[in-house]
Amino acid sequence: MTSATVSENREGHGDREDAGPGEARMTLRLPKEYTARKPGLPFDPAAGQAELGAQGPVHRIELADGEPAWLITGHAEARAVLADPRMSSDRFRSERAMSKLPPKLRKMLTEQDVRAGNFLTMDPPEHTRYRKLLTGQFTVRRMRQLEPRIHEIVTDHLDRMIAAGTKADLVQAFALPVPSLVICELLGVEYDDRDEFQERSATLLRLDTPTDDLVRASEELRAFMLDLVRAKRAKPTDDLLSGLIEAAPDLTDAELVGISTLLLIAGHETTANMLALGTFALLEHPAELAKLQADPALIDSAVEELLRYLSIVHIGPVRTTLEEVEIAGVTIPFDSTVLVSVPMANRDPRNFDAPGVLDVARPRPSHLAFGHGVHQCLGQQLARVEMTVGFAELLRRLPGLRLDLPPSEVPLRSDMLVYGVHRLPVAWDA
């Protein structure tokens, strides 16, 4: 076990159930070395995490006020934490954790309607109730049935890019709108309203958002979703939200708002950043790009490898111990904060050969990009379909795809809860 001193800064996490607005408001504060990547190494874990991970799988760290926390960097140890019922996802139950929040934030987070439906921060049996309801909506069969529509959405956006010339910002032209449109259609949100929810979700996901702005954005997004819930009750359609209302008529408006808000943000932010950051990584690894272009059948393994190699998280998920717990010989006291480093766990040399190497032909790795245990990502099959279709068509339709600026000038999302790139200017052959 190693030690490190940690000052405060909001940390985040990403492509699974363990990421969302409720958790974002409950995150700890960590220094930039735990979120910023080294110059020239945009795809590697943050330097501070890498240094600790090289020394062992469990690390005692200190927060700015001297309070201890524990950082898990080993793959097996991370899986153990995420599967352990003694590790609570509900940080609201810890008076210690709640006392650290600004009064306005603490007040908002103790309101029953704000918590309702946010199963991300719940433990069984509360979590189990919501999970069962949503599992019926996110079946593998339903996700596969969506594939033709996803292919249509991807094709439409690529057609627009090609019609406009041979250059584009891949984030704005493709990576963000494709999953946004998919999740809007799935939930029954009008796509014309996307700017409204994207702006507010971005406020919630920024690392430096002031408390007043966090509260305001949360309230505005809840109001937006409440209007949608009431509209679906009055006139249901063929979408997931209407399906939930029909399957569970006892769900309150507040519960439906919490569920749909969580799915809306997680459903577009995470996949959008995987599409953009994944393209960036492939362009920076020309041999792997050429391998994938020569053999399109590698796309499934390439998607899994990108998920492993590019953890679009900084640190997280976050757990709180319900009793004293021992992990890898290290005793973690009751009511302690435990942070799982998915970036480091996904590069644990005990679990992966040459973990720092991107290999699109790597046999399917047992990565933690979608979490593990009861909180494992509900939408992982949808994300896989979007990435498989998105990457395959992007490389097929845009010959000679390349960056349109030096790699060092690509603006990274080190300032956001979900990592990725803010912009990705690219060019291709006519």
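The paragraphs below lead the reader through a predicted model, from its helix packing to its cysteines, single residues and backbone details.

The account begins with three helices, H12, H13 and H15. Helix H13 covers residues 211-234 and helix H15 covers residues 253-283; their axes lie 9 Å apart and the two helices pack at an angle of about 115 degrees. H13 and H15 are therefore roughly perpendicular to each other. Their crossing is right-handed. On the H13 side, the residues that meet H15 are Leu221, Arg222, Met225, Leu226, Val229, Arg230 and Arg233. On the H15 side, their partners are Asp253, Leu256, Val257, Ser260, Thr261, Leu264 and Ile265. Sorted by class, this contact of H13 with H15 holds eight nonpolar, two polar and four charged residues.

Helix H12, residues 194-205, also packs against H15: the two axes come within 11 Å and cross at roughly 85 degrees. That angle makes H12 roughly perpendicular to H15. From H12, the contact is made by Phe197, Gln198, Ser201, Leu204 and Leu205, and from H15 by Leu264, Ile265, His268 and Glu269. By class, five nonpolar, three polar and one charged residues take part in the contact of H12 with H15. Two residues of H15, Leu264 and Ile265, take part in the contact with H12 and also in the contact with H13.

The remaining pairing in this group is that of H12 with H13. These helices pack at an angle of about 145 degrees, with their axes 9 Å apart. The crossing of H12 and H13 is left-handed. H12 contributes Glu196, Phe197, Arg200, Thr203 and Leu204 to the contact, while H13 contributes Asp213, Leu214, Ala217, Ser218, Glu220, Leu221 and Phe224. The class count for H12 with H13 is six nonpolar, two polar and four charged residues. Phe197 and Leu204 of H12 serve here and in the contact with H15. Leu221 of H13 likewise belongs to the contact with H12 and to the contact with H15.

The cysteines come next. Why does Cys184 form no bond with the closest cysteine sulfur? The sulfur of Cys184 lies 17 Å from that of Cys377, which is too far for a bond, given that a disulfide requires sulfur atoms within 2.5 Å. Seen from the other side, Cys377 has its closest cysteine sulfur in Cys184, at 17 Å, again too far for a bond. A search of the whole structure accordingly returns zero disulfides. Cys184 is buried, at 1% relative accessibility, and Cys377 is buried as well, with a relative accessible area of 10%.

Two further residues illustrate settings within helices. Ser242 has its place in helix H14, residues 240-247. With a relative accessible area of 3%, Ser242 is buried, since buried means under 20%. Apart from neighbours within four places in sequence, Ser242 is in contact with Lys232, Pro236 and Thr237. Asp156 lies in helix H9, residues 147-163, and is partly exposed, at 31% relative accessibility. Between Asp156 and Met122, 34 residues apart along the chain, the C-alpha atoms are separated by 39 Å.

The final topic is the backbone. Most residues other than glycine have a negative phi, and most peptide bonds are trans. Against that background, the bond joining Pro124 and Pro125 is cis, with omega about 5 degrees. Pro125 is placed in the loop between helix H6 (112-115) and helix H7 (126-135). Another cis peptide bond runs from Gly316 to Pro317, where omega is near 10 degrees. Pro317 lies in the loop between helix H17 (299-309) and strand E6 (318-321).

Positive phi values appear in residues other than glycine too. Asp335 has phi near 55 degrees and is found in the loop between strand E8 (330-332) and strand E9 (337-340). With 21% relative accessibility, Asp335 counts as partly exposed. Ala354 has phi near 45 degrees, and its place is in the loop between helix H18 (342-345) and helix H19 (380-397). At 46% relative accessibility, Ala354 also counts as partly exposed, because exposed is reserved for values over 50%.

Note on methods
Residues numbered from 1 in each chain as written. Predicted model: local features only at pLDDT ≥ 70, side-chain atom pairs only at ≥ 80, totals over all residues. Heavy atoms only, no water. Helix = DSSP H or I, 4+ residues; strand = E, 2+ residues; numbered from the N terminus. Buried < 20%, exposed > 50% of the residue type's maximum accessible area, 1.4 Å probe, protein only. Axes fitted to C-alpha atoms, helices over the stretch in contact; angles between N-to-C directions. Parallel < 35°, antiparallel > 145°, perpendicular 65-115°, else oblique. Left-handed = near helix turned anticlockwise from the far one by under 90°. Contact = heavy atoms within 4.5 Å. Nonpolar A, V, L, I, M, F, W, Y, C, P; charged D, E, K, R; others polar.
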